[in-house]
Amino acid sequence: MEIFCCSIIPLIGSALQSSMGFGNGVLLMAVLPYILPFGKAVAYNQISCLFLTILIVSKTWRKIRWGILFPVLVPMTVSTVIFTLWSFSFDQSILKILLGIVFIILVVVFLLSKKGLTIKPTVTKGVVMGVISGLSNGFTGISGPPAAMYLRPSINDNEEYIATIQCFFLIQSTTGLISRMGVGALERGDILPLLVVLVFTFFGSILGRKINDKVDSAKMQRYVYMFVGIYGLYILVSELINIYLI
């Protein structure tokens, strides 16, 4: 089951992210915490996302808007380290509840952005969004929504936006992964499943580029967010019930 999940989920997730800009981390974190310890599941997610963003950024780095990225990037990096180390003192049920809340927030952000609600891009708001991203990254390995709310209205060119936010994801994954490795989240026995994750992440990125022009990205986003919202509610309710019953 572990090898199956470490192959199919990265394949689908990286195909989604390569074709519409996100999806890999969300799908991995929807499944892996139920077959692995939570901290290790986040580390697997971050390795997959790191590999995928390297593939993307290596081709788009010239379009990164560093001046806009730094106000959100620096506080995200610092707070990621702090909250990652802190997360290891939490019970796994609490971390899963936080993951469910993050999934629900993802859907809320998506619905608000569809209505045209964005955050006016200022340095102060970039710092605030960076700290929130680091908090979410440290506890759940997902940090995209706050960064997207700051970066999207700051960058009009779509190619520059994709390059910039993928660079954010690259550094976010690197920071979180190094922090988790520092407290022993990964072991020698993780080498084989991680190799499987990376191989299928690579094939998924190829698949995503091939289907990019053949799928309706807007419709696909709606389906993904519907899944994320329903699954987030399921995680939240089921973990609260477990805690209450215990």
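Start by selecting Gln221, which counts as partly exposed because its relative accessibility is 24%, above the 20% under which a residue would be called buried. You will find Gln221 in helix α10, which covers residues 217-245. Keep in mind throughout that this is a predicted model.

With Gln221 still highlighted, add Ile105 to the selection. The two residues are 116 residues apart in sequence, and their C-alpha atoms are 15 Å apart in space.

**Into the pocket**

Ile105 is a good doorway to the next stop, since Ile105 is one of the residues nearest the centre of the second largest pocket. Select Val102, Ile132, Ser136 and Pro146 as well, and you have the others named as nearest that centre. In full, 14 residues line this pocket, and the space inside comes to about 280 Å³.

Which helices supply at least two residues each to the lining of the second largest pocket? Colour α5 (92-114), α6 (123-140) and α7 (144-151) to see them. Of the helices, α6 gives the most, with six residues. What is the chemical character of the lining? Twelve of its residues are nonpolar and two are polar, while no charged residue takes part.

**Along α7**

Stay with α7 for a moment and show its surface. This helix is mostly covered, with six of its eight residues buried. Select Gly144, Pro145, Pro146, Ala147, Tyr150 and Leu151 to pick out the buried ones. Pro146 may look familiar, as you met Pro146 among the residues nearest the pocket centre.

**Rings to look at**

Now switch to the aromatic side chains. The whole structure holds eleven aromatic pairs. Take Trp66 and Phe70 as an example: their ring centres are 5.9 Å apart and their planes meet at 35°, so this pair is tilted. Both belong to helix α4 (residues 66-87), where being four residues apart puts about one helical turn between them. Are these two buried or exposed? Trp66 is partly exposed, at 38% relative accessibility, and Phe70 is also partly exposed, at 44%.

Next, select Phe83, Trp86, Phe90 and Phe139 together. Ring pairs join these four residues into a cluster.

**Last stop**

Finish with Lys96 and Tyr34. Here the charged end of Lys96 sits over the ring of Tyr34, at 4.4 Å from the ring centre. Turn the view until you look down onto the Tyr34 ring, and find the Lys96 charged end over it.

How values were computed:
Residues numbered from 1 in each chain as written. Predicted model: local features only at pLDDT ≥ 70, side-chain atom pairs only at ≥ 80, totals over all residues. Heavy atoms only, no water. Phe/Tyr/Trp six-rings, centres within 6.5 Å; stacked < 30°, edge-to-face > 60°. Buried < 20%, exposed > 50% of the residue type's maximum accessible area, 1.4 Å probe, protein only. Lys NZ or Arg CZ within 6 Å of the ring centre and 35° of its normal. 1 Å grid on protein atoms, 1.4 Å probe; cavity = no way out; pocket = protein on both sides within 12 Å on 5 of 7 lines; lining within 4 Å. Points joined across faces, edges and corners; volume = space filled by probe spheres on them. Nonpolar A, V, L, I, M, F, W, Y, C, P; charged D, E, K, R; others polar.
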